[in-house]
Amino acid sequence: MVKTFMTIAGLVLCVAGGVQAQDRLQVQGTSPDLYVLHTVKKGETFYSLGRSYSLSPKQIATENNISFEQGLQLGQQVKIPLNNTNFSQKSEADPHGTPVYHKVEEKETLYRLSVNHNKVPLDNIRRWNNMTGDGLQKDSYVIVGWLKGGGIPAPSAPVANVPAATPPANHPAATPPASTPAPSNPAPSNPAPSTPVATPPASTTPAPPVTKPDQPAAPAEPVKTPDSNNTGSKPPVTSAPAGSSFEQLYNQQTGNGKNVTSEKGPGGWFKSNASPGKYYALHNTAPRGTIIKVTNPLNGRFIYAKVLEAIPQIKQNEGLIIKLSDSALEALGTNEAKFYCQLSYED
């Protein structure tokens with residue numbers, strides 16, 4: 001009986017240890033090539049990974065020799081580099097960061113661990129791990145730094161080296177995941193992450209496809225038509241009223257304008273083959289499917305635009321708070337490459 005009890009207890013400890021290991025963000029490689037591995041879940045794109053790991057989407061694609069046209073595959077392992085942009089080894093840990101662990105190997109010393117991880121100070125390692133000496137135990141986990149921001153998505157399946165440090169990190173306030181769709185008619189009281197809409201409820205389906213998460217039509221267009229070149233080559237677009245179904249969605253999402261966040265700043269545009277009267281936007285923090293009311297304060301004209309993706313992180317987009325499909329410019333009464341605007345969307 002005693003022997004059976006001990007066997008069962010040992011199995012429970014093994015299972016618990018396995019689950020704990022799966023929840024850790026484990027570092028790979030040695031200095032200066034430190035990285036973590038991420039297993040792609042359904043709906044994830046280079047842009048959503050870029051926001052989660054505080055890196056440029058292009059940098060992630062280049063690191064893995066993957067083109068934007070090729071996109072990401074479900075279950076694919078992606079190498080996420082750890083550098084000065086997204087990884088900190090300073091004495092004071094980032095309160096919003098996610099701890100990055102190293103699994104101790106046999107006969108590994110604290111000094112060797114430090115050298116292999118950017119020569120992180122020994123005192124920092126001791127402080128982060130509540131260590132009083134220099135001894136290390138094989139197969140134990142030691143914090144060697146902190147991933148900035150802590151916006152790591154949870155893994156779709158238990159994998160030892162998939163980053164998934166803490167459940168609350170799935171929904172950071174600053175950058176909600178852009179790939180989580182929700183019902184097309186959300187209630188006014190729903191929180192922001194549940195409001196994205198897969199397709200506008202109107203009978204006309206918008207041209208920009210969103211079925212391929214890694215190849216959004218809208219973000220690719222600005223490269224062909226840079227904002228900095230106001231050549232006047234934008235195609236003529238038939239003006240449509242600012243109302244339409246997007247206005248109804250905006251009222252639902254914001255409780256008829258009672259719960260809104262406002263922004264003011266420069267906007268830009270991108271070429272789109274969307275239907276007349278349907279306006280689309282790129283925005284860095286509003287989740288995909290959010291309806292944004294865009295107002296031109298110079299003349300009071302406004303439109304409602306649906307968010308497709310984040311603004312691509314390229315030089316010509318620096319400082320922009322939004323990019324709109326080209327048809328929206330005529331509706332707003334401007335033809336400038338960059339124009340001042342005011343935004344209102346769900347708080």
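**View 1. Just past helix H5, the chain reaches Asn130.** In this predicted model, H5 is followed by Asn130, a residue with a positive phi near 55 degrees. Why might that catch your eye? Most residues other than glycine have a negative phi. Now step back into the helix itself: Asn124, Ile125 and Trp128 of H5 are buried. Seen down the axis of H5, these buried residues fall within an arc of 100 degrees, so they line one face of the helix. What do they pack against? The buried residues of H5 meet H4 and S6.

**View 2. Two more loop residues with a positive phi are Ser54 and Lys119.** Look for Ser54 in the loop between helix H2 (46-52) and helix H3 (57-63). Ser54 is not a glycine, yet its phi is positive, about 55 degrees. Lys119 sits in the loop that links helix H4 (110-116) to helix H5 (122-129), and its phi is also positive, about 55 degrees, although it is not a glycine either. Is each side chain buried or exposed? Ser54 is partly exposed, with a relative accessible area of 30%, while Lys119 is exposed, with a value of 65%.

**View 3. A cis peptide bond joins Ser31 and Pro32.** The omega angle of this bond is about -5 degrees. It is worth pausing here, because most peptide bonds are trans. To find the spot, follow the chain into the loop between strand S1 (25-26) and strand S2 (35-39), where Pro32 is found.

**View 4. The largest nonpolar core brings together 32 residues.** Which residues have the most contacts inside it? They are Ile60, Leu72, Ile80, Leu82, Val100 and Ile125. Several elements each give two or more residues to this core: H2, H3, H4 and H5, along with strand S3 (77-81), strand S5 (98-103) and strand S6 (141-147). S6 gives the most, with six residues. For a closer look, pick out Ile60: leaving aside residues up to four places away in sequence, Ile60 touches Phe46, Leu49, Gly50, Leu55, Val78 and Ile80. Apart from this core lies another one, of 21 residues, which includes Val307, Ala337, Cys341 and Tyr345.

**View 5. Six strands close into a barrel.** Trace the strands in the order S7-S11-S8-S10-S9-S12, and you will find that the pairing is mixed. On average, neighbouring strands of this sheet are turned by 45 degrees against each other, with direction ignored. One pair to look at is strand S8 (residues 279-282) with strand S11 (residues 322-325), which are antiparallel and share two bridges. There, Leu282 stands opposite Lys323 in S11.

**View 6. Strand S12 pairs with S7 and with S9.** How many bridges connect S7 and S12? Strand S7 (residues 260-270) pairs with S12 in the antiparallel sense over eight bridges, and Gly267 stands opposite Phe339 in S12. Strand S9 (residues 291-295) also runs antiparallel to S12, and three bridges join them. Here Thr295 has Gln342 of S12 as its bridge partner. Is S12 mostly covered or mostly open? Strand S12 (residues 339-346) is mostly covered, with six of its eight residues buried. As you look along the strand, keep a handy rule in mind: in a regular strand the side chains alternate between the two faces of the sheet.

Terms used
Residues numbered from 1 in each chain as written. Predicted model: local features only at pLDDT ≥ 70, side-chain atom pairs only at ≥ 80, totals over all residues. Heavy atoms only, no water. Pairing = 2+ DSSP bridges. Helix = DSSP H or I, 4+ residues; strand = E, 2+ residues; numbered from the N terminus. Axes fitted to C-alpha atoms, helices over the stretch in contact; angles between N-to-C directions. Buried < 20%, exposed > 50% of the residue type's maximum accessible area, 1.4 Å probe, protein only. Core = buried A, V, L, I, M, F, W, Y, C linked by side-chain atoms within 4.5 Å. Contact = heavy atoms within 4.5 Å. Arc of directions from axis to C-beta.
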